[in-house]
Amino acid sequence: MLQKPKSRGRAGSQPERERDGGRGGGGAEEAPSTSRGAGGAGWQGSRRAEASPKAGPRSQKQLELKVAELVQFLLIKDQKKIPIKRADILKHVVGDYKDIFPDLLKLAAQRLEYVFGYRLVELEPKSNTYILINTLEPVEEDAEVRGDQGTPTTGLLMIVLGLIFMKGNSIKETEVWDFLRRLGVHPTKKHLIFGDPKKLITEDFVRQRYLEYRRIPHTDPVDYEFQWGPRTNLETSKMKVLKFVAKVHNQDPKDWPAQYCEALAEEEARARPQTGGPAPSS
């Protein structure tokens, strides 16, 4: 069950620096947008590409996006406590950023401990495999962020809910899979943690009423869209999901003004006493 996330105040730790894996080749790199102010701004955005095979200087925004992507990947891969291979990180996340991989890993480790209470460590010296160590005792209200309490799919659900909200409360299924593929979650491939990801998202979460899943009329090829389901509206809120997105991206919820105002309005509406009930009997 989704619970309220708890902010972390722990100082970040630094994993042992990796040896540079060489300057990467690779193709286009699509990055989630964190553009501010637009009603549909959020994780999903325009495609970015590294036009040159040489690694050039990256902006602070590009680095933040890549670190956020790495954090999400590590959280998902850790769900079943199986060591995370450096090769998988390089393949699914790092891409053309191999030349600064040690720095990306260091920043991701700091955010994992400060925000989520996990310490990233190398399993054995020079093993090129990593694990996340829980530095705090798991508590129920951390479940929606950390996937504790025997709910390894909760983290994936939170990512999908965040995508929906940041895209204006509705998102095409194709856009969801475009984002999840970068985290190593494919609709047509069995996943070590989630089993059949497409069934989990389009059937299980829908049956549990966390998501609404419907066909978009007049689309060729046929496409579907996701919206929040009634259970999500009861168990969590737009503000909680926005805070989750902000923590992953190391930003403030107010950095997305449109979404923040919408979430704040919902909070205020929930706080108002309900009216229109039956009149008391005399």
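**Helix pair α1/α2.** I started with α1 (residues 60-77) and α2 (residues 86-94) in this predicted model. Their axes come within 10 Å and cross at roughly 130°. Angles over 145 degrees would count as roughly antiparallel, and 65 to 115 as roughly perpendicular; the two helices are therefore oblique to each other. I noted the hand too: α1 passes α2 in a right-handed crossing.

Which residues meet here? From α1 I listed Lys66, Glu69, Leu70, Phe73, Leu74 and Lys77. On the α2 side I have Asp88, Ile89, His92, Val93 and Val94. Sorted by class, this contact has six nonpolar residues, four charged and one polar.

**Loop after α1.** Next I looked up aspartate 78, which sits in the loop between α1 and β1. Is aspartate 78 buried or exposed? Its relative accessible area is 4%. The cut-off for buried is under 20%, so aspartate 78 counts as buried. Setting aside neighbours within four places in sequence, I find aspartate 78 in contact with Ile84 and Leu132. Ile84 belongs to strand β1 (84-85), and Leu132 falls in strand β3 (residues 129-134).

**The sheet.** That took me to the strands. Three of them make an open sheet, ordered β1-β3-β2, with antiparallel pairing. β1 (84-85) and β2 (118-122) are the edge strands, each pairing on one side only. As a reminder to myself, strands of a sheet pair through backbone hydrogen bonds. How many bridges join β2 to β3? I have five, with the two strands running antiparallel. For a register mark I wrote down arginine 119, which stands opposite isoleucine 133 in β3.

**Helix α9.** I then went to α9 (residues 238-248). Nine of its eleven residues are buried, so α9 is largely enclosed by the rest of the structure. The buried set starts with Lys238 and Met239, then Val241 and Leu242. It continues with Phe244, Val245, Ala246, Lys247 and Val248. I see that two lysines, Lys238 and Lys247, are in this buried set. After α9 comes asparagine 250, and I logged its phi as positive, near 55°.

**Whole chain.** Last, the overall tallies. The protein chain has ten helices and six strands. Of its 282 residues, 48% count as buried. For contacts with a separation of 6 or more, I noted that 66% come from residues 24 or more positions apart.

Conventions. Residues are numbered from 1 along each chain as its sequence is written. This is a predicted model: local features need pLDDT of at least 70, side-chain atom pairs count only at pLDDT 80 or more; totals for chains, interfaces and linings use all residues. Side-chain values use heavy atoms; hydrogens and water are left out. Axes are lines fitted to C-alpha atoms, for helices over the stretch in contact, and angles run from 0 to 180 degrees between N-to-C directions. Helices (H or I, at least four residues) and strands (E, at least two) are DSSP runs, numbered from the N terminus. Angles under 35 degrees count as roughly parallel, over 145 as roughly antiparallel, 65 to 115 as roughly perpendicular and the rest as oblique. A crossing is left-handed if the near helix is turned anticlockwise from the far one by less than a right angle, and right-handed if clockwise. Contact means heavy atoms within 4.5 Å. Ala, Val, Leu, Ile, Met, Phe, Trp, Tyr, Cys and Pro count as nonpolar, Asp, Glu, Lys and Arg as charged, and the others, Gly among them, as polar. Buried means under 20% relative accessible area, exposed over 50%, partly exposed in between (1.4 Å probe, protein chains only). Two strands pair if DSSP finds at least two bridges between them.
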